[in-house]
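Colleague: Hey, can you walk me through this one? I'm new to reading models, so go easy on me.

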Amino acid sequence: MRRILGFFLAMSLLLCGCTTLEPQEKQYTATFLDLFDTVTTVVGFAESEEAFREQAQKIHDELLAYHRLFDIYNEYEGISNLKTINDRAGVSSVTVDGAIIELLLDCRNYCNITGGRVNAAMGGVLKLWHDAREDGIRDPINASLPDMDALREAAAHMDFESIVIDEAASTVYISDAKTRLDVGAIAKGWATQKVAETVPEGMLISVGGNVCATGPKKTDGTPWIIGIQNPDGSGDNVHTVYVTGGSVVTSGDYQRTFAVNGEEYHHIIDPGTMMPANLWRSVTIVCADSGLADALSTALFLLPLEEGKALAEKCGAEAFWIAVDGTEYMTEGFRQIIRT
């Protein structure tokens, strides 16, 4: 993959108000296109572009390490990653980096607290949808849905209990030869959170819409202003919110889509039906931890409103829903951070 790094003083992702900066520091932005198959943006303040570039490159390199560890499609020399684990399903355990152990332990927890809606062991089902989407994008005229019998067969092999994690030995073994890992619903947010914990306060990191603030703006302590995209494709924001720390994560039906017979299909698959969920256009989560926010944005996208509200409250998160007919719902805490 080709890496592109660009610096500019304003970012289209955020609606940042004008502030008075210290003379020796300016706001800079870096953009990368080689991480988690999405656009990554880093915003921060530094005395010079060179100083910011150095910090941004460190963030990029940390995220790249996670990207390679959590990749299920590609191999990397000297690295045992999730693809390695999948390839050895039912055959042998794999010694892995501690980050994979930590991620999978969190995945198991998220699977439990979401009642299986966010299940990293449903990679077999997700691969069938991934392949159908890739084929449909490449050849729209002949686009087709995954075979339902194949989906049912894959769904019979997504029990997270088949993922055997040995913390002491730092190994992972998939006991069911037909089970596959896919951490796409969690990995970006999880990696963003881990990296955010290592960088200076007052920075903003966005990995494919998983936005994490490491504190208010460094120069004057004002909040970051984060836009919530309208799922109608206009590119407009339906709301903007004030954030001084923590994460804002949105899951929506308007990305990673393909059309079959004129009907659009998105990538958020309900493990119960094995089909794209159709309750919501988008769900946005605001909470302290980006990994949890990533998991919750998917889970609430699959849940009816009241069940979603209960799960958000249980996890200490705020939420905002846009229904298929455009109706908006939000928790009271979310309402309080909307920029008016």
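**Chatting through the model**

Modeller: Start with a caution: over residues 1-22 the pLDDT stays under 50, and the model has 55 contacts beyond four places in sequence for them. pLDDT is the predictor's confidence in each residue, from 0 to 100, and contact means heavy atoms within 4.5 Å.

Colleague: What about the mean pLDDT of the protein?

Modeller: The mean is 91, and 93% of the residues reach 70 or more. This is a predicted model, where local features need pLDDT of at least 70, side-chain atom pairs count only at pLDDT 80 or more, and totals for chains, interfaces and linings use all residues. Residues are numbered from 1 along each chain as its sequence is written, and side-chain values use heavy atoms, with hydrogens and water left out.

Colleague: Cool. How many helices and strands does the protein have?

Modeller: Nine helices and 18 strands. Helices (H or I, at least four residues) and strands (E, at least two) are DSSP runs, numbered from the N terminus. The radius of gyration is 20 Å, close to the 20 Å from the globule rule for 340 residues, so the protein is as compact as a globular protein of that length. That radius is taken over C-alpha atoms, and the rule is 2.2 Å times the number of residues to the power 0.38.

Colleague: And how much of the protein counts as buried?

Modeller: 51% of the 340 residues. Buried means under 20% relative accessible area, exposed over 50%, and partly exposed in between (1.4 Å probe, protein chains only).

Colleague: OK, strands. Why is β17 described as largely enclosed?

Modeller: Because five of the six residues in β17 (residues 318-323) are buried, the rest of the structure largely encloses that strand.

Colleague: Which strands is β17 joined to?

Modeller: β16 (residues 280-287) runs antiparallel to β17, with six bridges joining them. Val-283 has Trp-321 in β17 as its bridge partner. β17 also pairs with β18 (residues 328-330), again in the antiparallel sense, over three bridges. There, Phe-320 is partnered by Met-330 in β18. Two strands pair if DSSP finds at least two bridges between them.

Colleague: What do β17 and β18 form?

Modeller: A hairpin, with four residues between the strands. In the turn, Gly-326 has a positive phi of about 90°.

Colleague: Switching topic: which order do the strands take in the open sheet of three?

Modeller: β4-β6-β5, with antiparallel pairing. β4 (94-95) and β5 (163-166) are the edge strands, each pairing on one side only. Four bridges join β5 to β6 (residues 171-174), and Ile-163 has Ile-174 in β6 as its bridge partner.

Colleague: Is Thr-171 in β6 buried or exposed?

Modeller: Buried, at 13% relative accessibility. Leaving out residues up to four places away in sequence, Thr-171 touches Ser-93, Val-94, Thr-95, Ile-101, Val-164, Ile-165 and Asp-166.

Colleague: Last one: how many disulfides does the structure hold?

Modeller: Zero. Cys-212 is in no disulfide, as the nearest cysteine sulfur, in Cys-287, is 9.5 Å away. A disulfide here is a pair of cysteine sulfur atoms within 2.5 Å.

Colleague: Why can't Cys-315 bond with Cys-287?

Modeller: The two sulfurs are 8.1 Å apart, which is too far for a bond, and Cys-287 holds the closest cysteine sulfur to that of Cys-315. Cys-315 counts as buried at 19% relative accessibility, and Cys-212 is buried at 3%.
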